[in-house]
Amino acid sequence: MQYRNLRGIREDRDIKQKDIAKHLNVSQNTYSQYETGVISLTAEILIKLANYYNVSIDYLLDRTDNPNVQK
């Protein structure tokens, strides 16, 4: 399963895969496989990404088009 929002938010913010991979402490190839769904996203990675982008995990997983975090 590809994650459109995960890739889209990275591209919208002009962030390269290698830069977000470095932030997550994974290789660029591993991060690429997260985006394409080859490797499943772990809870730890999802939380780091949601915090980094300040969006909801549901948004990253394409469960909603609303990026806002519900509090």
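**Close-up views of a predicted five-helix protein**

The mean pLDDT of this protein is 92, and 97% of its residues reach 70 or more. Please keep in mind that the model is predicted.

**View 1. The whole chain is built from helices, with zero strands.** Welcome to the overall picture. Starting at the N terminus, the elements follow one another as α-α-α-α-α. With a radius of gyration of 11 Å, close to the 11 Å that the globule rule gives for 71 residues, the protein is as compact as a globular protein of that length. The C-alpha trace spans about 30 × 20 × 20 Å along its principal axes. Which element has the highest mean pLDDT, and which the lowest? Helix α2 (residues 17-24) has the highest, at 97, while helix α5 (residues 57-60) has the lowest, at 92.

**View 2. Inside and outside of the protein are summed up by its burial and its surface.** Buried residues account for 35% of the 71 residues. The accessible surface comes to about 4700 Å², and carbon and sulfur atoms contribute 43% of that area. Among contacts with a separation of 6 or more, 46% link residues that lie 24 or more positions apart. As for charge, the protein has 10 positive and 9 negative charges, and their mean positions are 4 Å apart.

**View 3. R10 sits in helix α1 (residues 4-12).** Is R10 buried or exposed? Its relative accessibility is 8%, so R10 counts as buried, given that the cut-off for burial is under 20%. Beyond residues up to four places away in sequence, R10 touches I15, K16, Q17, I20, Y31, E35 and Y53. Two of these partners, I20 and Y53, get views of their own below.

**View 4. I20 belongs to helix α2.** At 0% relative accessibility, I20 counts as buried. Which residues does I20 contact, leaving aside its neighbours within four places in sequence? They are R10, I15, Y31, L49, Y52 and Y53. For one of these, Y31, the spacing can be followed from C-alpha to C-alpha: I20 and Y31 are eleven residues apart in sequence and 7.8 Å apart in space.

**View 5. Y53 lies in helix α4 (residues 43-53).** Y53 has a relative accessibility of 2% and therefore counts as buried. Setting aside neighbours within four places in sequence, Y53 is in contact with L6, I9, R10, R13, I15, I20, Y31 and L60. So that you can trace the links between views, note that R10 and I20 are both in this list of contacts. Along the chain, Y53 and G37 are 16 residues apart, and their C-alpha atoms are separated by 19 Å.

**View 6. Two asparagines, N25 and N54, have a positive phi.** Why look at them together? Most residues other than glycine have a negative phi. N25 has a phi of about 65° although it is not a glycine, and N54 has one of about 55°. Where do they sit? N25 is in the loop between α2 and α3 (28-36), whereas N54 is in the loop between α4 and α5. N25 is exposed, with a relative accessible area of 70%. N54 is exposed too, with a relative accessible area of 61%.

Technical notes: Residues numbered from 1 in each chain as written. Predicted model: local features only at pLDDT ≥ 70, side-chain atom pairs only at ≥ 80, totals over all residues. Heavy atoms only, no water. Helix = DSSP H or I, 4+ residues; strand = E, 2+ residues; numbered from the N terminus. Rg over C-alpha atoms; globule rule 2.2 N^0.38 Å. Buried < 20%, exposed > 50% of the residue type's maximum accessible area, 1.4 Å probe, protein only. Contact = heavy atoms within 4.5 Å. Areas by Shrake-Rupley, 256 points an atom, 1.4 Å probe, with all protein chains shown as cover. Lys, Arg positive; Asp, Glu negative; His and termini not counted. Charge placed at Lys NZ, Arg CZ, Asp CG, Glu CD. pLDDT = per-residue confidence, 0-100.
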